[in-house]
2 protein chains.
Amino acid sequence: MTKKPTEPANGHPPAARQVPMRDFSRSLPMSLLRAREAVMRQFRPSLREHGLTEQQWRILRALAAIEAVEVTELARTAFLLGPSLSRILRDLEARNLIERKTAKADQRRSMVSISKEGLKLMASVAPTSEAIYAEITRRFGARKLAELQEMLGELERSLAGLGGADETIAEE
Amino acid sequence: MTKKPTEPANGHPPAARQVPMRDFSRSLPMSLLRAREAVMRQFRPSLREHGLTEQQWRILRALAAIEAVEVTELARTAFLLGPSLSRILRDLEARNLIERKTAKADQRRSMVSISKEGLKLMASVAPTSEAIYAEITRRFGARKLAELQEMLGELERSLAGLGGADETIAEE
DNA sequence: GCGAGATACTTAACATGTTAAGTGAATGCG
DNA sequence: CGCATTCACTTAACATGTTAAGTATCTCGC
């Protein structure tokens, strides 16, 4: 074991850089993607054991903190797009982990809440999840973790209102 | 400043916190997800105009820096899973943006390279992409950006070899 | 009140993420 | 050699990301 399967011979490519660009592997999006994947890799197995995906878990967590929410608000909280949320809610409802009822005042809105079963499932997952988070904090350092999150928040804020496109309001 | 994470007197939801957990919206995975989305939101419209998705763009960028690579190595570089890459390469090849040829020495491997057309497309996208990156850097600050990326790298490294599960080597 | 427009979702369609299984080609070992 | 194992990829199947279109409901001006 620990055998090198294939030696590419070249430690690094001889490079034929034909288009001038930053080193791709060091771009901000890639850094963020890799960091997030490194973190999520820790959680996924545990969630999987409980039959939950990352997104389903996000939804349950968001619901556990409140009585009930509209779908749109839940989408914002769990950071999911409407269509994704719509599908997931359908499945979670079929599994009796959440409940839905249309609002009285506005028949368009539907109020979502976590069910007793959903709470039970959460209670069974939470300890492991918290332990993993604690281990990550221990490894990386609580102070640095707080700093990192602060920077991420700043980054987010500094890009707010720079909507990439179709952000032209009241213009033609 | 230096506000405690869990403010009991939060002006947010009436709270029916039934399962003890961290404030979900401030978890590390969510911070990373939101930050990355804030960044990618800037690039997607431009890529879309050129008929490229984020992942296709990653592949082209990775290919532009070298002569040719095996699929597995490309997957590592572009941070894509094999199946995703396999599909995308099929499409990029159909659009004549890349070329493939099986290696002589090992018929299993296929060497992928960017085509002349692919390079032309890249050249047409790169300026806008670089401009967006520059604007992000300007807004957030070059120094802070470097710091952030350093921290993200540290986070990644500190979690390496903590494979969440099925990481048990030489065991049964 | 009523019809145009706005809202809150949902469906649809296509691309990717993710895991498992399949296929053909090399390798290692008896 | 023979053949089980390993490799490098590809397919398959299901879940989500992403954009566009559809549906029912509500709001508002006239």
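A residue is called buried when its relative accessible area is under 20%. In this predicted model, that description applies to L145(A), L148(A), Q149(A), M151(A), L152(A), G153(A), L155(A), S158(A) and L159(A) of helix α6(A). The points below take up α6(A) and then helix α5(A), which covers residues 116-140 of chain A.

**Helix α6(A)**
- The 18 residues of α6(A) should span 26 Å at 1.5 Å a residue, and because the end C-alpha atoms are 26 Å apart, the expected and computed values agree.
- The cover over the buried residues of α6(A) includes α1 and α5 of chain A, and from chain B it includes α1, α5 and α6.
- After α6(A) comes G161(A), which has a positive phi near 70°.

**Helix α5(A): length and bend**
- With 25 residues at 1.5 Å each, α5(A) should span 36 Å, which agrees with the 36 Å between its end C-alpha atoms.
- At V125(A) the helix α5(A) bends by about 35°, and the proline P127(A) follows within four residues.

**Helix α5(A): ends**
- The N-terminal end of α5(A) is capped by S115(A), where a side-chain oxygen lies 3.3 Å from the backbone nitrogen of E117(A).
- Just after α5(A), G141(A) adopts a positive phi of about 105°.

**Helix α5(A): buried residues and their cover**
- Among the buried residues of α5(A) are L121(A), M122(A), V125(A), S129(A), I132(A), I136(A) and F140(A).
- An α-helix has 3.6 residues a turn, so residues three or four places apart point the same way.
- The buried residues of α5(A) are covered by elements including α1, α2, β3 and α6 of chain A, together with α1 and α6 of chain B.

How values were computed. Residues are numbered from 1 along each chain as its sequence is written. Chains are lettered from A and ligands numbered from 1 in the order in which they are written. This is a predicted model: local features need pLDDT of at least 70, side-chain atom pairs count only at pLDDT 80 or more; totals for chains, interfaces and linings use all residues. Side-chain values use heavy atoms; hydrogens and water are left out. Helices (H or I, at least four residues) and strands (E, at least two) are DSSP runs, numbered from the N terminus. The expected span of a helix is 1.5 Å times one less than its number of residues. The bend at a residue is the angle between axes fitted to the seven residues ending there and the seven starting there. Buried means under 20% relative accessible area, exposed over 50%, partly exposed in between (1.4 Å probe, protein chains only). Contact means heavy atoms within 4.5 Å. A polar contact is a pair of N or O atoms within 3.5 Å; within protein, one must be able to donate a hydrogen and the other to accept it, and residues adjacent in sequence count only if both atoms are side-chain atoms.
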